[in-house]
Each structure stands twice: as C-alpha cells, then as structure tokens.
Amino acid sequence: MVEEVMKEAKSKMDKSIEAASHQLAHIRTGKATPALFENIKVDYYGSAVPIKQIASISIPEARMIIIQPWDKNSLESIEKAILQSDLGLNPMNDGNILRISIPPLTEERRKDLVKVIKGITEESKVAIRSIRRDAMNMLKNFQKDGDLPEDMSKKGQDDVQKLTDEYIEKIDNIFKAKEDEILTI
C-alpha cells in the first residue's frame, strides 16, 4: 500500500515539475528559441494550426529566428498570428520567409519576468504540497481503517515528506536556472 501511494505521489509530482518546465520554456528571455511559437496558432485554410506544423523554424543566430512556411500562401497568416500574439515581436516578411529579431530585454522587463517565473514555480510548489497532503491523508486513512500498521504508516509519511522535499528542491533549481538565464543575458 505504501509503495502504491509513493508511486502515485511521485508520478503526480513529476507531472507538476513537467508542467512548470513547459510553462517556463515559453517565457521570452532575449534568446531565440522555437518554444516561443509553440502556443501560436495560425489560420490555415480555415483551421487553427500550430506554426510548427506548417513551417520550419530555425535559429541561425542567438537573437534571430527564421520561419519558412512550406506553403508560401501561409506566410501572411503566420506573420499576422505572430503580431497578434503577446510576444511583442515584429517579423520582417521578405516574401519567402519571416525573419524575427529578438530584442534584448530591458532591466525592468527582466525584473517583471523574474516575478512571473517566481509565480509559476510557487504554483508548482503548492501543487506538490497538495500532492503530499493527499498522500499523507491516504496513509493515515489506511492506518485508521486497520489496513496499515502504525509504524509502516509513519515510515510512509516520512518517505512522502522526503519525496516532497526532493521535488521542492528540483523546482527551486529550475527557478534559479531560469532566473540566471533572464538576468545574465
């Protein structure tokens, strides 16, 4: 029983870390990355399609992104979708490809981004602590119902706490790495 509770808690905590990492990947840090465009949908013949499904995205330089659509007719739709996104980027259309220059971040914008990533990591910590609470309650209920001896329940609760501490440390490390990335560019 303890093993199943631990396995389920670990799985949920992994998903929480994965979700936070995915959210943080979309935050613009002044470096060119294809992840910036993952959530942008383009109107392509009446369907909302992700950019990466209708174009290739390449990074020739640290602050330059080139988007080359496979269908030249979609170039203006891609440009329009990027302009309407909240990225604040201005693509240059030469008729064949879009060139997007990533401007350097201002000091004020960097501080705002650090607040945003702190919020994301705090949400992840809250989720991890919630998973811990649920796991602890399961173990206590198993003990109360007589399905689990008290010593095994206590050991299981200690293991859940150690797992929680490990995942909180992971999310702290992810935050620190992203903060350094934003502040040192």
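How exposed is tyrosine 44, going by its relative accessible area? Let's start there and then walk through the rest of this predicted model.

1. **Tyrosine 44 and its neighbour.** Tyrosine 44 has a relative accessible area of 23%, so it is partly exposed: the value falls between the 20% limit for buried and the 50% limit for exposed. Tyrosine 45 comes out at 62%, and because that is over 50%, tyrosine 45 counts as exposed.

2. **Two rings together.** The structure holds 1 aromatic pair. Its members are tyrosine 44 and tyrosine 45, with ring centres 4.8 Å apart and 70 degrees between the planes. That angle is over 60 degrees, so the pair counts as edge-to-face.

3. **A backbone detail worth a look.** Tyrosine 45 lies in the loop between strand 1 (41-44) and strand 2 (47-50). Its phi is near 50 degrees, which is a positive value in a residue other than glycine. For background, most residues other than glycine have a negative phi.

4. **The sheet.** Now find the open sheet, made of 4 strands in the order 3-4-6-5 with antiparallel pairing. Strand 3 and strand 5 (91-93) are the edge strands, each pairing on one side only. From one strand to the next, the twist averages 25 degrees. In general, strands of a sheet pair through backbone hydrogen bonds.

5. **Inside the sheet.** Strand 3 (residues 55-61) and strand 4 (residues 64-69) pair over 5 bridges, and a hairpin connects the two through 2 residues. To see one of these bridges, look for isoleucine 57, whose partner in strand 4 is isoleucine 67. Strand 4 also pairs with strand 6 (residues 98-101), in the antiparallel sense, over 4 bridges. Here isoleucine 66 has arginine 99 in strand 6 as its bridge partner.

6. **A helix across the sheet.** Helix 2 (residues 75-84) lies across strand 3, strand 4, strand 5 and strand 6. Relative to strand 5, helix 2 runs at about 160 degrees.

7. **Two helices side by side.** Helix 1 (residues 2-25) packs with helix 4 (residues 150-183) at an angle of about 10 degrees, and their axes are 11 Å apart. An angle under 35 degrees counts as roughly parallel, so helix 1 is roughly parallel to helix 4. Many residues take part in this contact: on the helix 1 side they include Met6, Met13, Ile17 and Leu24, and among those in helix 4 are Val160, Leu163, Tyr167 and Ile174.

8. **Charges over rings.** Lysine 170, one of the helix 4 residues that meet helix 1, has its charged end over the ring of tyrosine 167, 4.3 Å from the ring centre. A second example is lysine 118, whose charged end sits over the ring of phenylalanine 175 at 5.0 Å from the centre.

9. **One last residue.** Aspartate 112 is part of helix 3 (residues 107-144). Is aspartate 112 buried, partly exposed or exposed? Its relative accessible area is 33%, so aspartate 112 is partly exposed. Try finding aspartate 112 and isoleucine 17 together: they are 95 residues apart in sequence and 22 Å apart in space, C-alpha to C-alpha.

Technical notes. Residues are numbered from 1 along each chain as its sequence is written. This is a predicted model: local features need pLDDT of at least 70, side-chain atom pairs count only at pLDDT 80 or more; totals for chains, interfaces and linings use all residues. Side-chain values use heavy atoms; hydrogens and water are left out. Buried means under 20% relative accessible area, exposed over 50%, partly exposed in between (1.4 Å probe, protein chains only). Two strands pair if DSSP finds at least two bridges between them. Rings of Phe, Tyr and Trp (its six-membered ring) pair if their centres lie within 6.5 Å; planes under 30 degrees apart count as stacked, over 60 as edge-to-face and the rest as tilted. A charge sits over a ring if NZ of Lys or CZ of Arg is within 6 Å of the ring centre and within 35 degrees of the ring normal. Axes are lines fitted to C-alpha atoms, for helices over the stretch in contact, and angles run from 0 to 180 degrees between N-to-C directions. Angles under 35 degrees count as roughly parallel, over 145 as roughly antiparallel, 65 to 115 as roughly perpendicular and the rest as oblique. Contact means heavy atoms within 4.5 Å.
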